[in-house]
Amino acid sequence: MAVYEVYSHPIQQRYKSSFCTKASVFIIVMFLLTSIPPFLVTYSSQGFWIKEGVYREQAEVDFKHELLLILETSDSYIAWSTYEHFNVLEQSNLVVPVVKTREEDNNMDGKADKLHYNIKVPLLDTQVFSVKLILIFDYQLHRQTKLKMESMAYIYYNSAISGAELFTDGELQLRLKSPLAHKGSDVRYNVPVINKESIFSTDYQLKNIFSKYLERNVTTSYVCEYPVWIADRATSQHFEIKGVIRYPQELIPYIPGFWYVIKWGWIQYVSVLLIFIMIIGRLKTFAFQNQVIDSIVEKPLKK
């Protein structure tokens, strides 16, 4: 009559010893070899403690309808801005343009995706060789740090040939000198890039605006790889500045919180620990089964 296994279970073999024996010392050493080397391996392999993380977010950007424009001409320069005191200071060089702007939300997520701008400057026989344009934005992040600031886009182009139009299409990119915090609110830079209440010309000079702006940890920069400069402007034709400023998703560095760091370190440690548990376990079994280490063997079954 054929037989087959209907049930099985392991028999636990016990090995006993007093405290001050080689067996006890062996077990302590095996415990240390099981727990400490995995930590040393994971720590020395780099990345055990995460000091910096990244996440992706599209900022909430709104054009504030504030700008400052300077055109370098054959004679001198032409200037205009949305700041009353600047226009008073530049009365002798002031020319009022026609400004049109439009923001678009392509994916209908409640956040603007890009800004279309068009600036027409009425000129007669004046030739334009350089464009300097500052546009001001409200810039907000919400996912980790609740960042709110006023930022800018600076558009610059210079040519040896007088132009009729400058077209740019680029991105308003975030710039960080150091990572953001993983939580909290940051409104340190929610201050005017250009002090529109000032009556001093030095506060409207580009070098002073940029110098103060670059002292920030968080800024934005307009990046346009392919500006288009169109020459041959007719005498009666307006000089035109137009283009697109896109608001892309950004990879934003931040300093992770305590529990995120612990979780990531624990995952790495346990993954190596399991390997050491298996190896050391087999070593202990071999040592006690073959009585390499003297101990009292307790019979698994009683008669």
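These are my notebook entries on the salt bridges, one helix, one serine and the nonpolar cores of this structure.

**Ground rules.** I am working with a predicted model, in which local features need pLDDT of at least 70 and side-chain atom pairs count only at pLDDT 80 or more, while totals for chains, interfaces and linings use all residues. Residues are numbered from 1 along each chain as its sequence is written, and side-chain values use heavy atoms, with hydrogens and water left out.

**Entry 1, salt bridges.** I searched the whole structure for salt bridges and noted 10, where the term stands for a side-chain nitrogen of Lys or Arg within 4 Å of a carboxyl oxygen of Asp or Glu. I looked up glutamate 150, whose salt bridge with lysine 64 has its closest N and O atoms 2.6 Å apart. This pair links distant parts of the chain, since glutamate 150 sits in strand E8 (residues 146–176) and lysine 64 in strand E3 (residues 60–73), 86 residues apart. For such labels, helices (H or I, at least four residues) and strands (E, at least two) are DSSP runs, numbered from the N terminus. Glutamate 150 is buried at a relative accessible area of 5%, whereas lysine 64 is partly exposed at 28%; buried means under 20% relative accessible area, exposed over 50%, and partly exposed in between (1.4 Å probe, protein chains only).

I then turned to glutamate 66 and lysine 196, whose side chains form a salt bridge at 3.8 Å, N to O. Glutamate 66 belongs to strand E3 and lysine 196 to the loop between strand E9 (185–186) and helix H3 (206–213), so this salt bridge ties together parts that are 130 residues apart in sequence. Here glutamate 66 is buried, with a relative accessible area of 11%, and lysine 196 is partly exposed at 41%.

**Entry 2, helix H4.** Does the length of H4 agree or disagree with the expected span? The 32 residues of helix H4 (residues 258–289) should span 46 Å at 1.5 Å a residue, and the end C-alpha atoms are 44 Å apart, which agrees; the expected span is 1.5 Å times one less than the number of residues. I listed buried residues of H4, among them Val261, Tyr269, Leu273 and Phe288, and found that their cover includes strand E1 (14–16) and helix H1 (22–44). Just after H4, glutamine 291 takes a positive phi of about 55 degrees.

**Entry 3, serine 81.** I located serine 81 in strand E4 (residues 77–81), where this serine is buried with a relative accessible area of 1%. The serine 81 side chain reaches the backbone nitrogen of tyrosine 83 at 2.9 Å. Not counting residues up to four places away in sequence, serine 81 touches Leu67, Leu68, Phe86 and Asn87, contact meaning heavy atoms within 4.5 Å.

**Entry 4, nonpolar cores.** Which residues touch the most other members of the largest nonpolar core? I noted Phe137 and Ile245, out of 41 residues in that core; a nonpolar core is a set of buried Ala, Val, Leu, Ile, Met, Phe, Trp, Tyr and Cys residues joined through side-chain atoms within 4.5 Å. Strands that each supply at least two residues of this core include E3, E4, E8 and strand E7 (128–141). Leaving aside neighbours within four places in sequence, isoleucine 245 is in contact with residues including Leu115, Phe137, Ala153 and Tyr222. I also recorded a second, separate core of 14 residues, which includes Ile70, Tyr83, Ile194 and Tyr204.

Methods: Polar contact = N/O pair within 3.5 Å; in protein donor to acceptor, adjacent residues only side chain to side chain.
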